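Reader: I am new to protein models, and I learn best from one part at a time. Please pick one part here and take me through it closely, with what surrounds it.

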Amino acid sequence: NQAVWKSLVRGIPSQLDPERTANELPQGLNDWLETLNALLVLGEGADTAGFYIGFARLNGQACLMARNDASLLPLITYLRALEGWGTYRVSRNIPKLAALIGRDHAAAFGMWIKSEALLRRANLVAPHNGMERLIYAAGQVFPQRSVA
């Protein structure tokens with residue numbers, strides 16, 4: 001459990017760091033989506049490049065391992081409870097979104113972004129359409145008034 005957990009949280013980018021102050025976070029949805037898009041792109045030299053690709057793979061592998069090892073179930077339950085917390089936290093700092101985006105919206109978007117990371121890594125979607133795909137997903141997951 002401890003090894004899986006350490007692997008999952010290793011290298012979390014500062015944008016998702018709960019210790020980061022609110023005034024350092026993006027102040028608009030487009031800024032946040034651009035930040036997330038950068039975490040979906042494999043790049044050279046950037047510490048956080050492709051973060052979601054590795055995170056999604058580790059999450060998926062941990063879930064598969066939990067099918068055969070019941071001792072991992074509390075870890076998986078905890079990971080599901082945390083789903084989307086970064087997006088939810090950032091939405092509290094965007095006045096237009098704060099009253100509209102609930103934990104359920106953020107959790108759904110968190111699941112979507114991990115799927116997007118895996119699709120990009122498998123070359124099943126074009127990375128150059130990244131922002132367009134993020135904006136579309138935000139429009140589907142978040143309340144319509146929030147992405148206009």
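Author: Begin with what counts as an element: helices (H or I, at least four residues) and strands (E, at least two) are DSSP runs, numbered from the N terminus. By that rule the protein chain has 9 helices and 0 strands. Its pattern along the sequence is α-α-α-α-α-α-α-α-α.

This is a predicted model, in which local features need pLDDT of at least 70, side-chain atom pairs count only at pLDDT 80 or more, and totals for chains, interfaces and linings use all residues. Residues are numbered from 1 along each chain as its sequence is written, and side-chain values use heavy atoms, with hydrogens and water left out.

Our part is helix H7 (103-121). Take its length. The expected span of a helix is 1.5 Å times one less than its number of residues. H7 has 19 residues, so it should span 27 Å, and its end C-alpha atoms are indeed 27 Å apart.

Now ask what is hidden. Buried means under 20% relative accessible area, exposed means over 50%, and partly exposed lies in between (1.4 Å probe, protein chains only). Of the chain's 148 residues, 41% count as buried. In H7 the buried residues are His105, Ala106, Ala107, Phe109, Gly110, Ile113, Lys114, Glu116, Ala117 and Arg120. An α-helix has 3.6 residues a turn, so residues three or four places apart point the same way.

What hides these residues? Contact means heavy atoms within 4.5 Å. The cover over the buried residues of H7 includes H2, H3, H4, H5 and H8. The whole chain shows partners that are distant in sequence: among contacts between residues at least 6 apart, 62% join residues at least 24 apart.

Stop at Gly110, in helix H7. Gly110 counts as buried because its relative accessibility is 8%. Setting aside neighbours within four places in sequence, Gly110 is in contact with Glu83 and Gly84. Arg80 sits 30 residues from Gly110 in sequence, yet their C-alpha atoms are 9.8 Å apart.

H7 also feeds the core. In general, nonpolar side chains in soluble globular proteins tend to be buried together. A nonpolar core is a set of buried Ala, Val, Leu, Ile, Met, Phe, Trp, Tyr and Cys residues joined through side-chain atoms within 4.5 Å. The largest such core here has 31 residues, and those with the most contacts inside it are Leu33, Leu36, Tyr52, Phe109 and Ile113. Two or more core residues come from each of helix H1 (2-9), helix H2 (29-38), helix H3 (51-68), helix H4 (73-82), H7 and helix H8 (130-141). H3 gives the largest share, 7 residues. Leu33 ties into H7: beyond its neighbours within four places, its contacts are Phe109, Met131, Leu134, Ile135 and Ala138.

H7 borders open space too. On a 1 Å grid over the protein atoms alone, a pocket is an open set of points where a 1.4 Å probe fits, with protein on both sides within 12 Å along at least five of seven lines; lining residues have an atom within 4 Å of a point. The largest pocket holds about 360 Å³ of space. It has 23 lining residues, and the closest to its centre are Leu16, Phe55, Leu82, Gly84 and Trp85. H1, H2, H3, H4, helix H5 (85-91) and H7 each supply at least two lining residues.

Finally, look at both ends. Gly102 is in the loop between helix H6 (95-98) and H7. Gly102 counts as buried because its relative accessibility is 19%. Tyr88 is 14 residues from Gly102 in sequence, and 7.0 Å away, C-alpha to C-alpha.

At the other end, Asn123 follows H7, in the loop between H7 and H8. Asn123 is exposed because its relative accessible area is 64%. Most residues other than glycine have a negative phi. Asn123 is not a glycine, but its phi is positive, about 60 degrees.

Note on methods:
Points joined across faces, edges and corners; volume = space filled by probe spheres on them.
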